[in-house]
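Student: Hey, got a minute to go through this model with me? I'd like to talk cysteines and then the ligand.
Tutor: Sure, let's pull it up.

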Amino acid sequence: MTQDELKDAVAAAAIDEIEPWLERDTILGIGTGSTANRFIDRLARLRDDFKGAVASSEASAERLRGHGIEVFELNSVGTVPYYIDGADEVNAHLHMIKGGGAALTREKIVAACADRFICIADASKRVERLGDFPLPVEVIPMARSYVARELVKLGADPVYREGVVTDNGNQILDCYEFMIDDPVAMEARINAIVGVVTNGLFAARGADVLLLGSDAGVERLTSA
Ligand code: 5RP
């Protein structure tokens with residue numbers, strides 16, 4: 001199967017996972033990226049079975065609206081029963097690196113408000129140790145150079161993602177050459193640098209369920 005077919009398969013599996021629990025007043029949390037887009041496209045069929053969604057990016061909000069799904073402000077919603085999103089890397093503990101699409105901060109906020117985080121990913125995203133994928137860090141623009149110097153002290157090789165402005169008006173540093181042994185500790189350590197908005201480690205709040213697509217089918221994993 002191609003990677004696109006695997007993304008389709010996990011999007012379909014996520015629909016199967018949530019469909020029995022949808023009620024007319026359900027508001028879902030929806031992620032960002034090509035896998036999340038496939039989920040959004042499949043969700044369109046169910047739009048009369050639930051109330052709407054909170055989106056983790058302007059792009060996902062626009063796609064949801066395009067399918068006639070109402071998009072709500074998180075502040076008016078409180079919590080969501082499910083947050084469904086992709087990942088750039090995921091380990092056996094269902095810790096993730098996310099933010100390849102620069103939506104990490106809003107993704108982390110919606111995930112924090114979710115009862116259950118369902119991660120949908122093709123098997124290429126499953127790793128033993130996080131870090132081959134460069135870890136994104138969202139920074140306040142005036143702090144970019146300072147934060148980069150602090151990240152170098154932690155052993156990373158941060159590179160400014162030129163031309164990218166996040167939905168929050170900030171910038172992204174991608175940390176190369178940065179293998180991560182303790183994702184929970186490193187997530188907190190990077191977030192403690194002044195000027196960091198957040199980093200793409202989703203470890204303190206990882207996924208609850210991973211739907212992982214491979215040629216053998218979609219495997220359903222829970223955190224180890
Ligand atoms: C966006 C993300 C995405 O979930 C991540 O980049 C995976 O994207 P894709 O499904 O396109 O592989 O974190 O900020």
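Student: Let's start with C113. How accessible is C113?
Tutor: C113 counts as partly exposed, because its relative accessibility is 21% and the buried class ends under 20%. Keep in mind that this is a predicted model.

Student: OK, and C119, buried or exposed?
Tutor: C119 is buried, with a relative accessible area of 0%.

Student: How many disulfides does the structure hold?
Tutor: Zero.

Student: Why is there no bond for C113?
Tutor: Distance. The closest cysteine sulfur to that of C113 belongs to C119, and it's 18 Å off, so that's too far for a bond. The cut-off for a disulfide is sulfur atoms within 2.5 Å.

Student: And from the C119 side?
Tutor: C119 is in no disulfide either, with the sulfur of C113 as its nearest cysteine sulfur at 18 Å.

Student: Switching to the ligand. Which pocket does the ligand sit in?
Tutor: The second largest one.

Student: How many residues surround the ligand, and which are closest?
Tutor: There are 17 around it, and the closest are S34, T35, D88, G99 and K125.

Student: What's the mix of nonpolar, polar and charged residues in that shell?
Tutor: Three nonpolar, eight polar and six charged.

Student: D88 was on your closest list. What does its side chain do with the ligand?
Tutor: An N or O atom in the D88 side chain is 2.6 Å from a ligand oxygen.

Student: What about backbone atoms, say G86 and G100?
Tutor: For G86, a backbone N or O atom lies 3.3 Å from an oxygen of the ligand. For G100, a polar backbone atom is 3.5 Å from a ligand oxygen.

Student: And how much of the ligand's accessible area does the protein cover?
Tutor: The protein covers 91% of the 380 Å² that the ligand has on its own.

Notes. Residues numbered from 1 in each chain as written. Predicted model: local features only at pLDDT ≥ 70, side-chain atom pairs only at ≥ 80, totals over all residues. Heavy atoms only, no water. Near = heavy atom within 4 Å. Polar contact = N/O pair within 3.5 Å; in protein donor to acceptor, adjacent residues only side chain to side chain. Areas by Shrake-Rupley, 256 points an atom, 1.4 Å probe, with all protein chains shown as cover. 1 Å grid on protein atoms, 1.4 Å probe; cavity = no way out; pocket = protein on both sides within 12 Å on 5 of 7 lines; lining within 4 Å. Sits in = over half its atoms within 2 Å of the grid points. Nonpolar A, V, L, I, M, F, W, Y, C, P; charged D, E, K, R; others polar. Buried < 20%, exposed > 50% of the residue type's maximum accessible area, 1.4 Å probe, protein only.
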